[in-house]
Amino acid sequence: MTSHEEVEIVIPDQTAEDRPLRVAIIGAGPAGIYAADALMKSETPVSIDLFEKMPAPFGLIRYGVAPDHPRIKGIITALHRVLDKPQVRLLGNIDYGVDITLDDLRRFYDAIIFSTGADTDRALSIPGIELDGSYGAAEFVSWYDGHPDVPRGWPLGAEKVAVLGVGNVALDVARVLAKTAEDLLPTEIPENVYEGLRRNKAVEVHVFGRRGPAQAKFTPVELRELDHCKTIEVVVDPADIDYDEASEAARRSSKIVDMVAGTIQDWAIRDVGDRPHKIFLHFFENPHEVLGDDGKVVGLRTERTTLDGTGNVRGTGIFNDWEVQAVYRAVGYRSQNLDKLPFDDHGGVVPNEAGRVLMDDTVADPAYRFMPATYVTGWIKRGPVGLIGHTKGDANETVACLLADRPGFTPAAEPTPSAIVDFLEAKGIPFTTWEGWYRLDAHERALGESQGRERVKVVERRDMLAASEPA
C-alpha cells in the first residue's frame with residue numbers, strides 16, 4: 001500500500017462554496033477516465049478520486065481487449081494523460097459494495113459517478129447451453145487477458161469449436177483460438193496463458209450468425225485482421241452471400257457496413273488455401289441447441305434462416321448439425337447489479353435519464369425522481385454497445401447533468417482528500433495509486449524485456465500489489 005503522504009492532495013479548509021467539487025468515480029476504465037476528463041475540462045474546480053476494483057487501471061482496455069490488438073491498446077496513451085493531471089487520483093484494489101459503500105462515499109464526496117462497465121456474459125437460452133464445454137466469451141477473454149480473479153488454466157482440448165455471435169468479441173475469441181501460442185508470444189500474454197495455448201488443439205473454429213453479412217457487427221479493421229495470420233485460413237460459403245432490399249440499403253448508407261460485407265464477399269469467392277488452421281464464417285445459421293453426450297458438448301444444431309426483406313430473418317425449418325467439442329457464446333456483455341442502486345434486469349443497466357440515476361419515473365419532482373447526486377456513464381448507463389470512443393459522449397452528457405445539479409447537492413461531511421485515505425487505512429484495505437501503476441508498469445516491461453517482448457502482464461493480485469509498492 002502506498003503511504004498516506006504520497007497520495008494526499010493538500011487543500012486548505014474551505015466551505016462547500018469555495019472548495020473544489022469532490023467527485024468519486026467508481027470504475028477506472030475508459031468511461032470513468034473520460035468522465036474525469038470532462039469534469040476537469042469544465043470551468044468548475046474539481047477534486048476527483050477514481051476507484052477501481054482491480055489493482056491496475058484501464059478496465060476493458062487491460063482486461064477486455066485481445067492481446068494482439070496493439071492499436072486499440074494505444075488508447076491507454078490518451079488515458080494516461082488524463083490520469084497524470086493533479087486534479088485526479090487513482091485508488092485501486094477497492095471493491096465497491098465490499099470495501100466501500102454508497103453511504104461511505106456520500107460521507108466523503110459531493111457527487112458520485114458509476115462507470116463500472118459490463119464484464120459478464122449475457123445469457124443465451126437454448127437447450128444444452130449448460131453442458132461441459134459450453135463457455136461464455138467474457139470468461140475466456142478474462143483468462144487470456146490475465147484477469148487476477150479467474151482460474152489460471154483453461155480447457156483447450158477441442159479440435160473443432162463453435163463461436164456464437166458476429167461482433168468483434170466473437171472475432172477476438174475465434175482469432176485467439178485459431179492462432180498458435182507462438183503467434184501470440186510477442187504480445188503481453190502472461191506465462192500461464194502461453195502455456196495453456198501451447199496445449200490448444202483447435203484447428204477449426206466456426207463462427208455463427210443468424211443473419212447475413214450486411215447485418216454483422218464486425219468493424220472492418222478487426223474483420224480483416226482475421227486474414228493477416230499466415231497460419232489461419234478464413235473460409236466463407238458462397239451460399240451465405242445474400243442481400244435483401246434492406247441489406248442493400250444498409251450497404252449504400254453505411255461505409256462500414258459496405259466494407260464488412262465486401263470483405264466477406266471477397267473471401268467467399270476465393271479459393272480455399274492450405275493454411276493449417278481454419279476460421280469458418282457462417283451466416284444465416286441460428287443456434288438452436290448445443291448437442292451433448294454424457295454431459296459434454298459434442299455438437300451444435302442450427303436452423304437455416306432466410307432474409308425477410310427488412311434485414312431481419314425467419315426460420316426455414318431446415319436444421320444443420322455441426323460436429324464441435326466446445327461452444328463459446330459471444331452474444332453480448334452484461335453489467336452487474338450495484339449495491340444500493342436500482343437495476344433494470346431486462347436491459348442490464350442502471351435506470352437513468354441522461355446519466356442521472358432514476359429512482360421513480362412515475363413522479364415529476366426531481367427530488368423524488370432521481371437519486372441525489374448519483375450518476376452513471378458508459379455501459380452501465382446505456383448497455384454494452386458501441387466502440388470505446390463512444391463513451392466520451394456518455395461522459396460529456398453525464399457530467400453536464402452533474403454540474404447543472406451542483407447547486408442542489410448536500411455537501412460532503414468530510415470532503416478533504418486525506419479523509420478517504422484515513423478511512424481506507426483504518427479499515428486495513430490495501431489500495432494502489434497512480435504512482436503504484438507506474439511501478440507495476442515498469443515491472444511488467446522489465447519482465448518483457450528479459451524475454452525480448454514489450455511487456456509480460458502480471459496476473460496474481462498479490463503480485464500486482466507487491467509490484468505497485470514503493471521500493
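This text walks through a sheet, a set of aromatic pairs and two charge-over-ring contacts in a predicted model.

Start with the sheet. Three strands build it, in the order β11-β12-β13. The sheet is open, and its pairing is antiparallel. Strands β11 (285–293) and β13 (313–322) form the edges, and each pairs on one side only. From one strand to the next, the twist averages 25°. Look next at how β11 meets β12. Strand β12 spans residues 296–307, and eight bridges join β11 to β12. The two strands run antiparallel. To find one of these contacts, locate G292: its bridge partner in β12 is V297.

Now turn to the aromatic side chains. The structure holds 17 aromatic pairs. Two of them are followed here, beginning with F58 and W434. Their ring centres lie 6.2 Å apart, and their planes meet at 80°. An angle over 60 degrees counts as edge-to-face, so that is the class of the F58–W434 pair. This pair links distant parts of the chain. F58 sits in the loop between β2 (46–52) and α3 (60–63). W434 belongs to helix α18 (residues 434–449). The two residues are 376 residues apart. Are F58 and W434 buried or exposed? Buried means under 20% relative accessible area. F58 has a relative accessible area of 0%, so F58 is buried. W434 has 8% relative accessibility, so W434 counts as buried too.

The next pair is F140 with W154. Here the ring centres are 5.4 Å apart and the planes stand at 50°, so the pair is tilted. F140 lies in helix α7 (residues 137–144). W154 lies in the loop between α7 and β7 (160–164). The pair therefore ties together parts that are 14 residues apart in sequence. F140 counts as buried at 0% relative accessibility. W154 counts as buried at 16%.

F140 and W154 also have company. Both belong to one aromatic cluster, together with Y135, W143, Y144 and Y328.

Finally, look for charges over rings. Which ring does the charged end of R251 sit over? It is the ring of Y243, with the charged end 5.0 Å from the ring centre. R356 makes a contact with another ring, that of F370. R356 lies over the face of F370, at 6.0 Å from the ring centre.

Key
Residues are numbered from 1 along each chain as its sequence is written. This is a predicted model: local features need pLDDT of at least 70, side-chain atom pairs count only at pLDDT 80 or more; totals for chains, interfaces and linings use all residues. Side-chain values use heavy atoms; hydrogens and water are left out. Two strands pair if DSSP finds at least two bridges between them. Helices (H or I, at least four residues) and strands (E, at least two) are DSSP runs, numbered from the N terminus. Axes are lines fitted to C-alpha atoms, for helices over the stretch in contact, and angles run from 0 to 180 degrees between N-to-C directions. Rings of Phe, Tyr and Trp (its six-membered ring) pair if their centres lie within 6.5 Å; planes under 30 degrees apart count as stacked, over 60 as edge-to-face and the rest as tilted. Buried means under 20% relative accessible area, exposed over 50%, partly exposed in between (1.4 Å probe, protein chains only). A charge sits over a ring if NZ of Lys or CZ of Arg is within 6 Å of the ring centre and within 35 degrees of the ring normal.
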